[in-house]
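User: I have a model open and would like to learn how to read its features one at a time. Could we begin with a single residue and work outwards from there?

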Amino acid sequence: MKSDQATDPTTYRAGLKKIRMRRWFLWVVILGYLPAMLIALDSSDVRTWVTITFSTWLVLLILAVALACLVRCPRCGECFHTHGPTFLPFRRCLHCALHVNADKRAPEDNPPEAKFGKKQRSANDQDKQPKT
């Protein structure tokens, strides 16, 4: 973490609320598929309503995943759920390990380190680099 970044999780409240809202939208879309399809299958014109329901759900799913992928962490500014091309909807930032509910809970004594953060080069790694 950079030294100029704030360490008080309540300063991240607006950003974390945005992340939580996008996560909720994603889960509502995923869990809404089955009831929507059951209603479509019970209609009189099954083929038309299943096609409309599935197409609408697919567009909403693509939108929800895109919104969840592109939301930025309020602490480090990187994509909260995305590392490279991989979407991993964990409850912690993949880059700085900020928890999605950090503004609602007590500060952690020993916060975990990010598993996918940018690697810091050690002196040994720099010595092994070929000199040009």
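Analyst: Let us start with L41, which has its place in helix α1, bearing in mind throughout that this is a predicted model.

User: Which residues does L41 touch, not counting those up to four places away in sequence?

Analyst: Once those sequence neighbours are set aside, L41 touches V46 and V50. A C-alpha separation can be read alongside such contacts: L41 and T53 are twelve residues apart along the chain, and their C-alpha atoms are separated by 9.8 Å.

User: How many residues does helix α1 have, and how far does it reach from its first C-alpha to its last?

Analyst: A helix can be read by setting its span beside the expected one. Helix α1, residues 13-41, has 29 residues and reaches 42 Å from its first C-alpha to its last, close to the 42 Å expected at 1.5 Å a residue. The span should be read together with the local direction of the axis, for α1 bends by about 35° at G32, and a proline, P35, follows within four residues.

User: Which residues of α1 are buried, and what do they pack against?

Analyst: The buried residues of α1 are G15, L16, I19, R20, R23, L26, V29, M37 and A40, a list in which two arginines, R20 and R23, appear beside residues such as L16 and I19. These buried residues pack against α2 (46-70) and β2 (86-87).

User: At what angle do the axes of α1 and α2 cross?

Analyst: The two axes come within 9 Å and cross at roughly 175°. Because angles over 145 degrees count as roughly antiparallel, α1 is roughly antiparallel to α2. The residues of the contact between α1 and α2 divide into 22 nonpolar, one polar and one charged.

User: Now for a residue in α2: is C69 buried or exposed?

Analyst: C69, which lies in helix α2, has a relative accessible area of 16% and is therefore buried, the cut-off being under 20%. Leaving aside neighbours within four places in sequence, C69 is in contact with C79, T82 and F87. In addition, C69 and H83, which are 14 residues apart in sequence, lie 9.3 Å apart in space, C-alpha to C-alpha.

User: In what order do the elements of the chain run, and what share of its residues count as buried?

Analyst: The chain has three helices and two strands, which run α-α-β-β-α from the N terminus on. Of its 132 residues, 28% count as buried, and among the contacts in the chain with a separation of 6 or more, 43% are accounted for by residues 24 or more positions apart.

How values were computed: Residues are numbered from 1 along each chain as its sequence is written. This is a predicted model: local features need pLDDT of at least 70, side-chain atom pairs count only at pLDDT 80 or more; totals for chains, interfaces and linings use all residues. Side-chain values use heavy atoms; hydrogens and water are left out. The expected span of a helix is 1.5 Å times one less than its number of residues. The bend at a residue is the angle between axes fitted to the seven residues ending there and the seven starting there. Buried means under 20% relative accessible area, exposed over 50%, partly exposed in between (1.4 Å probe, protein chains only). Contact means heavy atoms within 4.5 Å. Axes are lines fitted to C-alpha atoms, for helices over the stretch in contact, and angles run from 0 to 180 degrees between N-to-C directions. Angles under 35 degrees count as roughly parallel, over 145 as roughly antiparallel, 65 to 115 as roughly perpendicular and the rest as oblique. Ala, Val, Leu, Ile, Met, Phe, Trp, Tyr, Cys and Pro count as nonpolar, Asp, Glu, Lys and Arg as charged, and the others, Gly among them, as polar.
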